[in-house]
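Biologist: Can you pull up the model and walk me through it?
Modeller: Here it is.

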Amino acid sequence: MKHTFLVTLLLLSASSLFAQVQDTYITSIDTLDTDDKFVKIVIYSNKTWDYIDMGRPVIDEEKIFDDWSESIHAYRDVKLADLPEEIDICLTDSLHGWSYPILPQKINSKYMVRRGREHNGIDLPLQVGDSVKVAFDGVVRKVAYDRGGYGNVIVVRHPNGLETYYGHLSKTIAQEKEVVKAGEVIGLGGSTGRSTGPHLHFEIRCQGQSFDPERLFDFTSGQLRDSIIVLKKHYFSIYSHYGQTDEESKAAAGRIVHVIKSGDTLGGLAKKYGTTVSKICNLNGISSKKVLRIGERIIVR
Ligand SMILES: [Zn+2]
C-alpha cells in the first residue's frame, strides 16, 4: 500500500514537471525570408519573432573587385612570367567554409590536352537539373552563355585569390556581383555549350591561369585535400598534374608545343625541333600514322 502510494506520487510529480517544461519550451514554427538572403526571420511558438544571421561570408569588398572583368576570363594582362614562384592560398579556415560542387563521382575527363585542345578543367558526371554548389565563399563575377564552349557558365571570384568556373549548366541561379557562401546552389547541371552529355565542367584559376583542380579536391571522395595550398609556378601548365613530383611537373611545364598548320607532318616537326618521330609519338600517345589536324596541339619536346 505504502509502496503504491509512493509510485503514484512520483508519477504525479513527473507529469507536472513535464507540463512545466512544455510550457516554457519554445520552438521555432516558421522561418521567413528577408530582402537580405543572409538574414531570416524566425517565428516562435510563443508568437514572438527574431532575426537570425545566416552567416554572411567575410569578404574584403575593396580587394575582391581588383582586376574585375566583364568577360569570362579576367586578368588578361597578367602573364605567367609575371607570377611569383609560389603563391600561398588559404582554402578554408574558421571563417570560410568549403563545399564540393556536386555529389562526388568518378571524373569523366581530366585536366589535359584532349583531342588537340586544352581542357582547362575537369568534367564531373551529373544529371540534368542536379544542384551545383559554389566551392568557396565569394562574389559571382560572370554569368554568361558561351555557345561554343562553356555553355551556361558561372565564374565566382573568391577572397583567397582563386576563381572557380562552373560550365554547361542547364540553368544559372546566382546573379553577377552576388555574394555567395560556400555550398550555396548557384546553378543546375546540364549539357549546354560544347558538351556531349550532362556534366559539370569545373575549372579553377589563379590570376587567370588554370591549374589541375585535382590539386585541391579528391574528386572520388569529394574531399578537400588540405586547408591550404601552395601553388607553384610550374603548376600553371596543361601538362602539369596532381600526382607528379615537382621534377616531373617542371619538366612537363617546360614542354614545347606546336600548333599544327597546313602542310605540317610528323617527320617535318621532328626535323624542325631536332627530335624523332617516335619520340613525338611517345610524348603524345599517338601513332606515327596519325592524321594531323590543323589547330591541333602536338608536344614536340
Ligand atoms: Zn570540361
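**Leucine 200 and the strands**

Biologist: Which residues does leucine 200 touch, leaving out those up to four places away in sequence?
Modeller: In this predicted model, leucine 200 touches Pro101, Ile102, Leu124, Leu126, Val132, Tyr166, His168 and Gly189, with residues up to four places away in sequence not counted.

Biologist: And which residues touch the most other members of the largest nonpolar core?
Modeller: Leu200 is one of them, along with Leu124, Val140, Val153, Ile154, Tyr166 and Ile186. That core has 39 residues.

Biologist: Which elements give two or more residues to it?
Modeller: Strands E7 (122-125), E9, E10, E11, E15 (199-206) and E19 (228-232).

Biologist: Why would residues like that sit together?
Modeller: In soluble globular proteins, nonpolar side chains tend to be buried together.

Biologist: Switching to E10. How many of its residues are buried?
Modeller: Seven of seven, over residues 151-157, so the strand is mostly covered by the burial cut-off of 20 or more other C-beta atoms within 10 Å.

Biologist: How many bridges join E9 to E10?
Modeller: Seven, and the two strands run antiparallel, with E9 spanning residues 138-146. Valine 153 in E10 is the bridge partner of alanine 144. A hairpin through four residues joins E9 to E10.

Biologist: What about E10 and E11, parallel or antiparallel?
Modeller: Antiparallel, over five bridges, E11 being residues 162-169. Arginine 157 has glutamate 163 in E11 as its bridge partner.

Biologist: Which residue in the turn between those two has a positive phi?
Modeller: Glycine 161, at about 100°. E10 and E11 form a hairpin there, with four residues between them.

Conventions: Residues are numbered from 1 along each chain as its sequence is written. This is a predicted model: local features need pLDDT of at least 70, side-chain atom pairs count only at pLDDT 80 or more; totals for chains, interfaces and linings use all residues. A residue is buried if 20 or more other C-beta atoms lie within 10 Å of its own, exposed if 12 or fewer, and partly exposed in between; C-beta atoms are placed from the backbone. Two strands pair if DSSP finds at least two bridges between them. A nonpolar core is a set of buried Ala, Val, Leu, Ile, Met, Phe, Trp, Tyr and Cys residues joined through C-beta atoms within 7 Å. Two residues are in contact if their C-beta atoms, placed from the backbone, lie within 7 Å.
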